[in-house]
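Visitor: I would like to go through this structure step by step. Please give the reasoning with each answer.

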Amino acid sequence: MEPKTNESYKKEIIERYRIEKGGEMRGYLSSPTRKQIREACLWLLDKRRWKYDEQTLNRFFQFNEEKSKKIQIQQLNPDRYVPIVKFLKGKTNDTSIENLELIAWLIDFKPRPLIEYLNSNNAIHRQESIQQDTGVDTHPKKPSQISEPPPTPPVKKKTRKLIITISIAFGAVLLTALVLKDVFFKSKPIPSHNSQCMAWADSLYLEVSCSAQPFTQYGTKAEPLDPIKLQGFKKIEVNMTTQFFADDGKPMIWYYKNQDGEIEYFTAPGLHPITGETLRKITPYIIETYVPIHSNNPDSFINQ
């Protein structure tokens with residue numbers, strides 16, 4: 001049996017989706033949109049709680065434990081689901097591990113998450129390795145298949161069993177450590193002290209080295225890294241399908257009118273990353289006056 005890898009995990013998930021189209025959640029996922037992905041998450045939030053699912057959701061949604069998780073899902077920028085929609089529709093062949101784990105949760109793929117998937121095949125490979133190295137058959141045989149072994153001195157027999165037991169235990173610990181290192185350190189490398197800065201790059205903030213002062217390759221000044229702004233502050237394109245307000249009426253989009261009279265839209269309040277001017281809350285007047293009905297992206301049309 002071929003060993004399971006990060007790549008096979010992704011392939012098995014997308015193959016499962018293509019066959020079942022979401023299975024139990026087919027109504028939401030057979031032809032997914034940003035809104036349908038969000039509604040599926042809200043529906044499953046209190047219903048699907050398999051091992052490690054809570055960590056998967058916290059990793060994707062970055063929940064604040066002091067607030068309602070359902071409200072936070074409703075207020076999440078819908079563009080956060082765009083890479084998932086594109087991956088499920090086959091418009092891209094790759095996506096982030098956070099997106100992949102959320103998809104596995106949505107379609108109830110098991111074993112999940114990646115660490116459980118990788119470990120699910122380790123026992124088989126350890127048995128095969130022991131059999132090759134020691135000549136010990138780890139698979140039980142039927143009585144008719146067992147030949148009478150030659151007498152073995154009791155002391156040597158016990159010693160041999162002890163050595164095999166210790167080898168298995170040591171191999172399990174070592175393999176688990178290697179898997180954890182691969183998953184947690186390769187997927188999210190720890191930045192060095194020289195890269196704890198960020199800079200505005202056209203439509204979002206990117207991590208850069210603090211030594212890039214006073215200006216980065218993007219033409220903007222490097223500033224101290226702010227994890228919240230790095231993840232949640234972006235300039236976006238909007239249309240009439242964009243969710244501008246939360247269910248409680250609070251704005252989810254802020255805007256800035258530039259020198260050319262064009263409106264720029266952002267996913268969080270604060271200062272304009274170039275001019276330093278304060279962004280304004282979106283209003284019905286701005287929406288009716290400046291927001292187009294749709295863009296050229298097929299996913300942006302109102303019926304989506």
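Guide: Contact here means heavy atoms within 4.5 Å. The model is a predicted one.

Visitor: Against which helices do the buried residues of helix 3 pack?
Guide: Helix 3 covers residues 34-44, and its buried residues are R34, I37, R38, A40, C41, L42 and L44. C41, for one, has 0% relative accessibility and so counts as buried, the cut-off being under 20%. By contact, the buried residues of helix 3 pack against helix 2 (26-29), helix 4, helix 5 (69-75), helix 6 (82-88) and helix 7.

Visitor: How are helix 4 and helix 7 oriented to each other: oblique, roughly parallel, roughly antiparallel or roughly perpendicular?
Guide: The axes of helix 4 (residues 53-61) and helix 7 (residues 97-106) come within 9 Å and cross at roughly 135 degrees. Angles over 145 degrees count as roughly antiparallel and those from 65 to 115 as roughly perpendicular, so this angle fits neither class. Helix 4 and helix 7 are therefore oblique.

Visitor: How many nonpolar, polar and charged residues does the contact of helix 4 with helix 7 have?
Guide: Helix 4 passes helix 7 in a left-handed crossing. From helix 4 the contact uses D53, T56, L57, R59, F60 and F61, and from helix 7 it uses I97, E98, N99, E101, L102 and W105. By class, that contact has 6 nonpolar, 2 polar and 4 charged residues.

Visitor: How do the residues divide by class where helix 1 meets helix 7?
Guide: The axes of helix 1 (residues 6-20) and helix 7 come within 10 Å and cross at roughly 40 degrees, which makes helix 1 oblique to helix 7. The crossing of helix 1 and helix 7 is left-handed. Y9, K10 and I13 of helix 1 meet L100, E101, I103 and A104 of helix 7. These residues divide into 5 nonpolar, no polar and 2 charged.

Visitor: How far apart in sequence are the parts that the disulfide ties together?
Guide: A search of the whole structure finds 1 disulfide, and it joins C197 to C210 with an S to S distance of 2.0 Å. The link of C197 and C210 is right-handed, with 100 degrees about the S-S bond. C197 lies in strand 1 (residues 197-200) and C210 in the loop between strand 2 (205-208) and strand 3 (223-224), so the parts tied together are 13 residues apart in sequence.

Visitor: Is C210 buried, partly exposed or exposed?
Guide: Its partner C197 has a relative accessible area of 6% and is buried. C210 has 27%, and the class between 20% and 50% is partly exposed. C210 is therefore partly exposed.

Visitor: Where in the chain does P113 lie, the proline joined to R112 by a cis peptide bond?
Guide: Most peptide bonds are trans. The bond from K110 to P111 is cis, with omega near 0 degrees, and the bond joining R112 and P113 is cis with omega about -5 degrees. P111 lies in the loop between helix 7 and helix 8 (114-119). P113 lies in the loop between helix 7 and helix 8.

Visitor: Is Q62 buried, partly exposed or exposed?
Guide: Q62 is not a glycine, yet it has a positive phi of about 50 degrees. Q62 sits in the loop between helix 4 and helix 5. Its relative accessibility is 54%, and over 50% counts as exposed, so Q62 is exposed.

Notes
Residues are numbered from 1 along each chain as its sequence is written. This is a predicted model: local features need pLDDT of at least 70, side-chain atom pairs count only at pLDDT 80 or more; totals for chains, interfaces and linings use all residues. Side-chain values use heavy atoms; hydrogens and water are left out. Axes are lines fitted to C-alpha atoms, for helices over the stretch in contact, and angles run from 0 to 180 degrees between N-to-C directions. Helices (H or I, at least four residues) and strands (E, at least two) are DSSP runs, numbered from the N terminus. Angles under 35 degrees count as roughly parallel, over 145 as roughly antiparallel, 65 to 115 as roughly perpendicular and the rest as oblique. A crossing is left-handed if the near helix is turned anticlockwise from the far one by less than a right angle, and right-handed if clockwise. Ala, Val, Leu, Ile, Met, Phe, Trp, Tyr, Cys and Pro count as nonpolar, Asp, Glu, Lys and Arg as charged, and the others, Gly among them, as polar. A disulfide is a pair of cysteine sulfur atoms within 2.5 Å. Buried means under 20% relative accessible area, exposed over 50%, partly exposed in between (1.4 Å probe, protein chains only).
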